[in-house]
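Student: I have just opened this one and would love some help finding my way around. Could we go through it together?

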Amino acid sequence: MAVISYREALNQAMREEMERDESVFIMGEEVGHYQGAYKVTQGLLQRFSSRRVVDTPIAEMGFAGIGVGAAMVGLRPIIEFMTFNFSLVAIDQIVSNAAKMYQMSAGAFHVPIVFRGPSGPAVQVASQHSQALESFYAHVPGLKVVLPSTAYDAKGLLKTAIRDDNPVVFMEGETLYGTTWEVPEQEYLIPLGKGDIKRPGKDVTLVAWSKMVWVCLDAAKALAAEGIEAEVVDPRTLRPLDTEIICDSVKKTGRCVIVEVGWPVAGFGAEVAYQVQRQCMDHLDAPIERVCSDDVPMPYAKNLEDEVQPQVKDVVAAVKRALYLA
Amino acid sequence: MSTPEKARVEPDDEPVVATVDELKPLYRQMLAIRRLEEASAKAYSQGKIGGFLHLIIGQEAVCVGATAALRPDDYVVATYRDHGHAYAKGISARAMMAELYGKKTGLVKGLGGSMHFFDKGKGFLGGHGIVGGHVPIAAGAAFAAKYRGDGRVALCFFGEGASTIGGFAEGLALAALWKLPVVLICENNQYSMGTPLYRSLAVEDVSMRALAHGMARDRFDGDDVLKVKQRIAIAVERARETNEPTLVEVITYRFRGHSMSDPGLYRTKEEVEEWRRRDPLNRTRVRLEELGMPAADLEALEADVKAEIEDAVHFAETSPPADEYFPYVIKE
Ligand SMILES: Cc1ncc(C[n+]2csc(CCOP(=O)(O)OP(=O)(O)O)c2C)c(N)n1
């Protein structure tokens, strides 16, 4: 198996799906001539021409809506947001139009579209550019919400998302593009709504997605040194959510810590916690713990930014609380 | 690739009449901004500044000239490329540099960084990261000025790339409809990140957007700081006296990449060189020489600027780290 970057995996997924299906095209700011603000679309303009790799002006509402309209009549747009922070300018098209169309038209129109781009806090880009918005989108019926943590997941999930007949909000980790993982040469797809055990363990279940999977893997390593075996469960898609894989793990370990980089209030972890207590009440040996970013807009200074976001030590501390070791 | 000529306006009539007294302070500001930007680029490459850093080198005449047409209590609203505008509005190099370093002594205590400069006392309403989102904010400040009848005017700066987004279109429409005392200044540096004008605008004249709203407009080259000052002064006066907004397009050029991470491969060396040859900063210096400012005075001014920026860097380097963020989520 080849070891490739998360960025390359996404690029391969789009390239393969565009080869396979003429109705797939990419549209967004700097996706073509510039080769992508984060170089995810590198080489695609050269391969597919400006008919299928469409550079846009700064008009997120406009090109997201163009994607929705094109999808209603049979194309399969991939709309790239330079970052998901700018999807807020287009959120009306995603929430009021893309998500509603199928139900509003009683099934006459479905919207096979992917909204993708980097999301979550990056490094020192301050409050307007450092937001984890997955809980916003996961709130909305009619959308699917995907957050891959590894190159392997990124490729398999993006290919599935492009083939899905519904609007998919595909949120890439802005700090994960350079991370690498083994990816098979032959084609594979990962179904939306199926989680993955990123590390097996028996003592405590850590639930995390995107960048926080990596933090949890590091925390699990630190905990292992103290004889605590954490299982890291990555749901990979928040909507639909694989509650089964999470609950099976919690039934085994009896303890659950949910780690997310978003804000605590009405964060998606609260939904996970609800599902876990509902289905695993008799198996829980401790209250469910949540680790989130602090309830603040992201500050710029590096030291404050690190303080705000969940760190390995915060996860370790939460696990110890769940194990009554603290 | 768009040729520089394409975006240029007809060279107009006589050069603006100038005196040393009028030009000198503007030159000093432009020079300080240039040196400040160079110092921040250096600190960025040393890893002392993080995140996004958008330099305004090459465009200094626009923010300096335009702000010089204001009263001190007028408002300025800018984009993420805000260092020049902040300095021109009177914010100190020390506070700015310490902010870039993420220090407690920074303009906004290390919370905002390069893109989010704010200073209430100076009427500097940001420092905004979302393209176009600040245009209605400037119109809002103008709304308040008209509401209170205090005679203030708001200047709003943005790039030509912002002219395609809804925030701009809606802000423009409302400013025109309600006759708000705002001057909307498009700094057309001909590239929105890597996208040249012709790939982002069907009509490469942003000022024409005013026509549909019956709004006054102006369009000129931004090389001459005094010309910028005089032309913006007309729009400011119109706003102050009659509450009529104006859309002004100033043609300019950024010498560096969009941000520090942009190598700028979408422009030819020759194109950048051509624009560097007409550097508004050098042009202003030459003008001062022509007007008879003694070489010794120029050198003294330049030494003074150098000392100011060195002091700002030293201040930033030796300031304590940022240390608080909870107090500013909700005002109690
Ligand atoms: C709504 C939104 N979309 C995209 C971006 C990313 N972005 C930041 S600056 C920029 C280019 C802006 O160009 P222009 O408005 O011409 O101003 P300039 O940077 O040239 O000063 C882009 C695409 C953003 N900040 N906000």
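Student: Which residues are linked with A:Glu16 in a network of salt bridges?

Tutor: Happy to start there, and please keep in mind that this is a predicted model. Side chains of opposite charge can pair when their charged atoms come close. The residues linked with A:Glu16 in the network are A:Glu17, A:Arg20, A:Lys155, A:Lys159, A:Arg163 and A:Glu187.

Student: Which residues form the salt bridge between chain B and chain A?

Tutor: The two chains meet over a buried area of about 2,600 Å², with carbon and sulfur atoms giving 63% of it. Between chain B and chain A the count is one salt bridge. With closest N and O atoms 3.2 Å apart, the partners are A:Asp55 and B:Arg199.

Student: How many residue pairs are in polar contact across the interface of chain B and chain A?

Tutor: To set the scene, 36 residues of chain B are in contact with 31 residues of chain A. Counting pairs with both residues at pLDDT 80 or more, the number in polar contact across this interface is 15. The side of chain B that touches chain A has 16 nonpolar and five charged residues, and its polar residues number 15.

Student: How far apart in sequence are the parts that B:Asp279 and B:Arg34 tie together?

Tutor: The side chains of these two meet in a salt bridge, at 2.9 Å from N to O. B:Arg34 sits in helix α2 of chain B, while B:Asp279 is in the loop between α9 and α10, so the pair ties together parts that are 245 residues apart in sequence. B:Asp279 has a relative accessible area of 6% and B:Arg34 one of 7%. Both values fall under the 20% cut-off for buried, but the separation you asked for is 245 residues.

Student: Is strand β5 of chain A largely enclosed or open, and why?

Tutor: Strand β5(A) pairs in the parallel sense with β4 of chain A over three bridges. Six bridges join β5(A) to strand β7 of chain A, also running parallel. Because six of its six residues are buried, strand β5 of chain A is largely enclosed by the rest of the structure.

Student: Which side chain does A:Gln309 join in a polar contact of 2.8 Å?

Tutor: A:Gln309 lies in the loop between α11 and α12 of chain A. A:Gln309 is buried, at a relative accessible area of 5%. Its contacts beyond four places in sequence include A:Pro121, A:Val261 and A:Met298. The polar contact of 2.8 Å is with the side chain of A:Lys211.

How values were computed. Residues numbered from 1 in each chain as written. Chains lettered and ligands numbered in written order. Predicted model: local features only at pLDDT ≥ 70, side-chain atom pairs only at ≥ 80, totals over all residues. Heavy atoms only, no water. Contact = heavy atoms within 4.5 Å. Buried area = accessible area lost by both parts, 1.4 Å probe. Salt bridge = Lys/Arg side-chain N within 4 Å of Asp/Glu carboxyl O. Polar contact = N/O pair within 3.5 Å; in protein donor to acceptor, adjacent residues only side chain to side chain. Nonpolar A, V, L, I, M, F, W, Y, C, P; charged D, E, K, R; others polar. Helix = DSSP H or I, 4+ residues; strand = E, 2+ residues; numbered from the N terminus. Buried < 20%, exposed > 50% of the residue type's maximum accessible area, 1.4 Å probe, protein only. Pairing = 2+ DSSP bridges.
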